[in-house]
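I opened this entry to keep track of what I looked up in the model. The notes follow the order of my lookups.

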Amino acid sequence: MKWTHTLLAAAAVAQLVFAGAAQAGSNLENIKTAGVLKIGTEGTYAPFTYHDTSGALVGFDVEIGEAVAKKLGVKAEFLEGKWDGLIAGLDANRYDTVINQVGITEERKKKYDFSEPYIASKAVLIIKSDDDSIKGFEDLKGKKSAQSLTSNFGKLATASGAELVGTDGFDQSIQLVLTGRADATINDSLSFLDFKKQKPDAPVKIAAEQAEADHSGIIIRKGEPELLEAINKALVDIKADGTYDAISQKYFGADVSK
């Protein structure tokens, strides 16, 4: 009798494991059946995801999401939310993925899966175009650097010997450099590319950049290998057919995957 109960219990466990595995890997099939890839995004983070003057949701990540969905044979449906709860929305099955310049970190990789990187950004040292006194991070010693005080960029400026001038973000930091109230700012390379795309004649330049880049990927729940493989293939395809480069040039004037 005990032997029979053991066999029945083992069979039940095997059935649950099989069912769980099948369910875990079935999301791609569900997406294709529904004809929609649900994408979590902020909608307030230009130039990646924001609303234009007509109120339409636009941006680099919006167009990447649309291109990836098209390669999957479905339409993209964007669900907006605040950054603090955006990734958590995956846990609640509110959407299938988040496309919002999500940095690939070891901590996040413990709980979620990432596509291959599709964005690379670096810390860059920005100065006025006519300034020849700063050629590298080491030249910040004794200089004023406009920074968000608690940011990693601010920490890098401090480590380089700079005196920090506190700001609320990139736009204010650039203005302080332009007006001469700061000698430099260390900031994100993509923010600089976006700024120069909007204001190509602004008299600022990159004096130096960090060697190591930070990478962003498309994030999904763990246990969905078919979806992950399909997203990675879609990224390869949109790079091969020129779609990625066209989107990247439109928003940044450069290929931001490198």
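**Entry 1: helix α11**

Which elements cover the buried residues of α11? I found that the cover includes β2 (50–51), β3 (57–58), α3 (60–72), α9 and α10 (225–240). I note here that the model is predicted.

I then listed the buried residues of α11, which spans residues 243–252: they are Tyr-244, Ile-247, Ser-248, Tyr-251 and Phe-252. Seen down the helix axis, the buried residues of α11 fall within an arc of 100 degrees, so they line one face of the helix. The spacing fits a general rule: an α-helix has 3.6 residues a turn, so residues three or four places apart point the same way. I also checked the residue that follows, and just after α11, Gly-253 has a positive phi of about 75 degrees.

**Entry 2: helix α9 and Leu-190**

Since α9 is among the elements covering α11, I went there next. I recorded Ser-189, Leu-190, Phe-192, Asp-194 and Phe-195 as the buried residues of α9. At the start of the helix, a side-chain oxygen of Asp-188 comes to within 2.8 Å of the backbone nitrogen of Leu-190.

I looked at Leu-190 separately. Its relative accessible area is 3%, and the cut-off for buried is under 20%, so Leu-190 counts as buried. Beyond its sequence neighbours up to four places away, Leu-190 touches Phe-48, Gln-101, Ile-119, Ala-120, Ser-121, Phe-252 and Val-256. Of these contacts, Phe-252 is also one of the buried residues of α11. I took one C-alpha distance as well: Leu-190 and Val-124 are 9.4 Å apart in space and 66 residues apart in sequence.

**Entry 3: the largest pocket**

I asked for the volume of the largest pocket, and the value is about 1,000 Å³. Its lining has 35 residues, and the closest to the pocket centre are Tyr-45, Gln-101, Phe-153, Asp-188 and Ser-191. Asp-188 is also the residue whose side chain reaches the backbone nitrogen of Leu-190.

Which elements give two or more residues to the lining? I noted β5 (97–103), α7 (152–159), α8 (170–178), β11 (185–188), α9 (189–198) and β13 (214–221). The element that gives the most is α9, with five residues. By class, I have 11 nonpolar, 15 polar and nine charged residues in the lining.

**Entry 4: Ser-216**

From the lining elements I picked β13, the strand that holds Ser-216. Is Ser-216 buried or exposed? Ser-216 is buried, at 5% relative accessible area. Neighbours within four places in sequence aside, Ser-216 is in contact with Gln-101, Val-102, Gly-103, Ile-104, Pro-117, Tyr-118 and Ile-119. Gln-101 appears in the contacts of Leu-190 too.

**Entry 5: Thr-167**

I placed Thr-167 in the loop between β10 (163–166) and α8. Thr-167 has 9% relative accessibility and counts as buried. The side chain of Thr-167 reaches the backbone oxygen of Gly-169 at 3.5 Å. With residues up to four places away left out, Thr-167 touches Ala-146, Gln-147, Ser-148, Gln-172, Ser-173 and Leu-176.

**Entry 6: Gly-43**

A second loop lies between β1 (36–41) and β2, and I found Gly-43 in it. Gly-43 is buried, with 5% relative accessible area. Outside the four-place window in sequence, Gly-43 is in contact with Thr-49, Tyr-50, His-51, Leu-57 and Glu-80. I also noted that Gly-43 and Val-58 are 15 residues apart in sequence, with 8.0 Å between their C-alpha atoms.

**Entry 7: Leu-86**

Leu-86 belongs to helix α4, residues 83–86. I read 0% relative accessibility for Leu-86, which counts as buried. Its contacts, leaving out neighbours within four places, are Gly-40, Thr-41, Glu-42, Gly-81, Tyr-95, Val-98 and Asn-100. For Leu-86 and Ile-99, I noted a C-alpha separation of 9.9 Å across 13 residues in sequence.

**Entry 8: whole protein**

I closed with the totals. I have 11 helices and 13 strands for the protein. Of its 258 residues, 42% count as buried. Among contacts with a separation of 6 or more, residues 24 or more positions apart account for 67%.

Technical notes. Residues numbered from 1 in each chain as written. Predicted model: local features only at pLDDT ≥ 70, side-chain atom pairs only at ≥ 80, totals over all residues. Heavy atoms only, no water. 1 Å grid on protein atoms, 1.4 Å probe; cavity = no way out; pocket = protein on both sides within 12 Å on 5 of 7 lines; lining within 4 Å. Points joined across faces, edges and corners; volume = space filled by probe spheres on them. Helix = DSSP H or I, 4+ residues; strand = E, 2+ residues; numbered from the N terminus. Nonpolar A, V, L, I, M, F, W, Y, C, P; charged D, E, K, R; others polar. Buried < 20%, exposed > 50% of the residue type's maximum accessible area, 1.4 Å probe, protein only. Polar contact = N/O pair within 3.5 Å; in protein donor to acceptor, adjacent residues only side chain to side chain. Contact = heavy atoms within 4.5 Å. Arc of directions from axis to C-beta.
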